[in-house]
Amino acid sequence: MEKKSRIEFIDILRGLSVAAVINLHSLANFLSHKIIVDLWDAQQFAVQMFVFCSAYLYFSRPDTLNRHTFFAYFKKRVSRLYIPYFIFLSVFFFFVFLLAPKTFYWTDILKAVFVVGGIDINWLVLLFIQLAFVFPFIRFLQTRNKLLFYGYILFTVYTAGFLFFVHFPFDWKWIMWLPWSFMGLFAIFYIHFEQNEEVINLSYLYFAVLFIMLECMQFVWKGTVSIYPNKYPPNLLILAYGIVWMGIVQQIHKTGLLHALKVVPLITFLSKYSYQLFFVHFIIIFIMNQFNLNVMLPWYIYWIVLFTSTLIIQKGYLFVYAKVKPAPAQ
């Protein structure tokens with residue numbers, strides 16, 4: 001694939017990921033219906049794609065990090081993650097105080113600020129802060145010590161497999177970086193072989209077979225084929241599921257169908273502003289639910305209102321920002 005096509009594929013993955021996140025949080029209000037549960041469960045591929053895209057962009061760049069530049073890199077990375085998150089917290093807790101003061105607790109604010117609780121979605125922020133350490137560590141092993149690098153691969157795969165069989169007894173947030181780094185390792189593999197479509201397609205086929213095998217085992221063992229129970233922390237089943245969906249999206253992308261449907265500009269917009277949209281839609285959900293729209297509206301109308309409101313607010317913010325941002329220095 002040409003470079004432009006590859007980057008477009010990453011944009012499509014990330015754009016579809018944020019669309020899936022909005023869908024998931026929308027449908028979560030209507031899980032009393034079996035068909036909604038199935039539709040909600042089928043979209044549990046979003047975080048896998050997010051992590052893969054982040055890893056692809058990191059590992060495809062030249063290695064410029066060393067002990068002298070790491071602090072500057074980490075500071076810049078965490079600032080990009082934390083500053084939008086802090087702005088989101090300010091807006092979100094303002095609406096909590098305004099619309100639901102009885103649920104407003106200062107301890108929740110403190111937990112949220114330090115990314116240790118207080119709000120459901122901040123585990124994803126914590127994950128990417130963790131990966132800001134993990135990805136450079138993986139690259140260090142890859143370039144400086146192949147033996148330890150292969151050992152890390154084996155340990156990651158073992159951990160993801162182990163978590164399929166055993167429920168982690170402690171707070172999963174503090175070890176989630178390890179199985180999620182599996183997607184970073186797959187990104188390294190993908191980058192190495194991306195010019196060889198046969199190898200990439202065989203890898204998708206391998207993970208499809210692995211996913212089916214694990215689903216069969218889960219059905220025999222637990223009587224369910226649900227994806228969601230494998231998410232916190234992620235195990236090999238849900239990681240394989242995400243890679244399978246990446247393969248499906250890549251095959252669709254190759255056909256040109258997304259361009260024919262003229263949805264690529266929308267998906268690219270979702271990709272470019274994915275982090276902001278992640279926060280915006282959560283605030284909108286809170287406001288909508290305070291007015292009982294999750295009870296008054298059917299699920300599809302609720303989703304339309306949420307999705308369009310999220311896009312309008314993001315577009316409005318960009319319009320205002322373009323008007324008030326300082327002109328570049330001459």
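In the predicted model, helix H13 supplies six residues to the lining of the second largest pocket, the largest share from one element. This pocket has a volume of about 650 Å³. Its lining comprises 29 residues, and those nearest the centre are His 25, Asp 120, Ile 121, Trp 123 and Phe 282. Besides H13, the elements that contribute two or more residues to this lining are helix H1 (3-27), H3, H4 and H6. Sorted by class, the lining of the second largest pocket contains 19 nonpolar, seven polar and three charged residues.

The largest pocket has a volume of about 1400 Å³. A total of 41 residues line this pocket, with Arg 77, Arg 80, Leu 81, Tyr 275 and Gln 276 lying nearest its centre. Two or more lining residues come from each of helix H3 (46-59), helix H4 (70-99), helix H6 (122-144), helix H12 (264-272), helix H13 (274-290) and helix H15 (299-324). Among these elements, H4 gives the most, with ten residues. The lining of the largest pocket divides into 27 nonpolar, six polar and eight charged residues.

Helices H3, H4, H6 and H13 each give two or more residues to the lining of the largest pocket, and H3, H4, H6 and H13 also each give two or more to that of the second largest pocket. Helix H1 is listed among the elements for the second largest pocket, while helices H12 and H15 are listed among those for the largest pocket.

Key: Residues are numbered from 1 along each chain as its sequence is written. This is a predicted model: local features need pLDDT of at least 70, side-chain atom pairs count only at pLDDT 80 or more; totals for chains, interfaces and linings use all residues. Side-chain values use heavy atoms; hydrogens and water are left out. On a 1 Å grid over the protein atoms alone, a cavity is a set of points where a 1.4 Å probe fits but cannot get out, and a pocket is an open set with protein on both sides within 12 Å along at least five of seven lines; lining residues have an atom within 4 Å of a point. Grid points are joined across faces, edges and corners, and a volume is the space filled by probe spheres set on the points. Helices (H or I, at least four residues) and strands (E, at least two) are DSSP runs, numbered from the N terminus. Ala, Val, Leu, Ile, Met, Phe, Trp, Tyr, Cys and Pro count as nonpolar, Asp, Glu, Lys and Arg as charged, and the others, Gly among them, as polar.
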